[in-house]
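User: Hi! I am new to protein structures and would like to learn how the descriptive words are justified. Could you go through this one with me?
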Amino acid sequence: MIYLDLFLGFLRVGCFAFGGSYGAIPLIRDVVLSYGWLTEDSLTNMIAVSESTPGPIMVNLATYVGRSQAGLLGAALATFAVVLPSFVIILLVFAALKAMWAHPVTQAALGGLTPCIIGIVLATGLTMILSNLTGAAGAVGIRELALTAFLAAVLFGAKPILKKSVSPIALILLAAVLGVVVYGI
Amino acid sequence: MKKHIYWELFQTFFKIGLFTFGGGYAMIPIIEDICAEKKQWITHEDMMNVTIVAESTPGPVAINCSTFVGYRQAGIAGAVAATLGVVLPSFLVIYAISMFLDHFLEITWVANAFRGIQIAVGLLILRAAIHMVKLMEKSPFSWTVFGCSFAAMAVIDLCALNFSSISMLLVAGVVGILFYLLGRHREGGRKV
C-alpha cells in the first residue's frame, strides 16, 4: 500500500536525518530509488528546486515525492512522516531526556553516527558529479566536463578570491543559463 | 487569549518558513531575531542551547528550533502550531511547483537548463560535505569511521548495490558505543 510505504519510508528518513539538510539527501535518495518512486535525474532536479525554494530540502523532497506518488494525501503523509521524528525527539530531549541525551553512551553513538553521515554525503556528492559527467552517448561528454570544471571553479574559487561564498541559488541560476547555452547550440 | 497565542505562533513561524530559502541554518538568525529579540518568547541563551542540541538530533535545525520555541511558549499545542507554521509554506510552494514541473521539463530549453543544474547540484553537495568534514571532530576514531563510511558508500553507489545507508548509520552508532565501552574498560583495567 502506497500510503503506508510513503509514511514508513519518510519516517525512516526523518529518524536518521542527522547532519542537517544535506545529511538527509543520501537517505532520501536511498528510499526513493529503492521504491522506484523517482529516477536519479528527477531526484537531482528536485534537489535543485528545493534549494531554490523556501524550507529545508528534506521537507521539500518529501512533499514532492508524496504528491508524485499519491496526490495531496500522499504529500501530506510523507511531509508529516519526515517531520515527526524531529518534532518528537526535540520535545522528549527538552521535556524529559536532557540527562539521557547528554549521557556518554548516547554521545558515543552520535560520535559514530556523525562521521559516518559525513562520509556518506561526500560519497554521494562525488558519485553524482561522476554520473553527471556522462553525456548522452554514454561516455564522458566534453560539454559535461567543461560545465563541471567551470562551475567547480566558480563555486570553490569564489571564496579565496572574492572573500565571499557563492549561494546555492546563485550557482543553480548560473548553471541553468550555461545549460541553456551549452546544450542549446 | 489561549487561542490567540497559538495563532500568533503559527503566523510568526509561517512567515519565517516562507522567507527562508534553502532552509537550515539560514533560518536560525531570523528565528533568534524574531523570537528572542522582538517577541521575547525565549532568551538568547535558550536559543543557543536549543541550537546545540538540535545539531545532534535528527531533522533540520530550523524545525527543531521552531518546535522548541512553540513548546516553551504554549506547551505541546504551541509546539504543533509553530512546527506546522514553519513547514506549511514549503509544503504549499513545492506542491504548487510539482503540479507543473513535469510539463515544464518537456520544453527543450528548460530541460537543457536542468542538465546544467544537475551538475551544480552534485557540486553543492560536495561543498556541503567538505564543510561538514571541516567541522568534524578530528580524532583518529572519527577519521576511521568517516573513511570506512565513505569507501563503503562509494562502492555501494558505483556498483549499484542494494544496501541502505540507514543500516550503515546503525552500524556506525553501535561501533561508536563499542569504542566508548572498550575505552572505559581499558581505563578501568589500568586503575585496577
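Analyst: Happy to! This is a predicted model, and a good place to start is a pair of helices: H4(A) and H4(B) are roughly antiparallel to each other.

User: What makes H4(A) and H4(B) roughly antiparallel?

Analyst: Look at the angle: the axes of helix H4 (residues 57-95) of chain A and H4(B) cross at roughly 160°. Angles over 145 degrees count as roughly antiparallel, so this pair earns the term. The two axes also come within 10 Å, and H4(A) passes H4(B) in a right-handed crossing. The residues of this helix contact divide into 16 nonpolar, 10 polar and 1 charged.

User: How many residues does each chain bring to the contact as a whole?

Analyst: Chain A brings 90 residues and chain B brings 78 residues. On the side of chain B that touches chain A, H5(B) gives the most, with 21 residues. By class, that side of chain B has 50 nonpolar, 25 polar and 3 charged residues.

User: Why is B:Gln40 called exposed?

Analyst: Count its neighbours: B:Gln40 has 8 other C-beta atoms within 10 Å. A residue with 12 or fewer is exposed, so B:Gln40 fits the word. You will find B:Gln40 in the loop between helix H2 (27-38) and H3 of chain B. B:Gln40 also has a positive phi of about 55°, although it is not a glycine.

User: What confidence does the predictor give the complex?

Analyst: The complex has an ipTM of 0.84 and a pTM of 0.81. Chain B averages a pLDDT of 86, and 93% of its residues score at least 70.

Technical notes. Residues numbered from 1 in each chain as written. Chains lettered and ligands numbered in written order. Predicted model: local features only at pLDDT ≥ 70, side-chain atom pairs only at ≥ 80, totals over all residues. Contact = placed C-beta atoms within 7 Å. Helix = DSSP H or I, 4+ residues; strand = E, 2+ residues; numbered from the N terminus. Nonpolar A, V, L, I, M, F, W, Y, C, P; charged D, E, K, R; others polar. pLDDT = per-residue confidence, 0-100. Buried ≥ 20, exposed ≤ 12 C-beta atoms within 10 Å, placed from the backbone. Axes fitted to C-alpha atoms, helices over the stretch in contact; angles between N-to-C directions. Parallel < 35°, antiparallel > 145°, perpendicular 65-115°, else oblique. Left-handed = near helix turned anticlockwise from the far one by under 90°.
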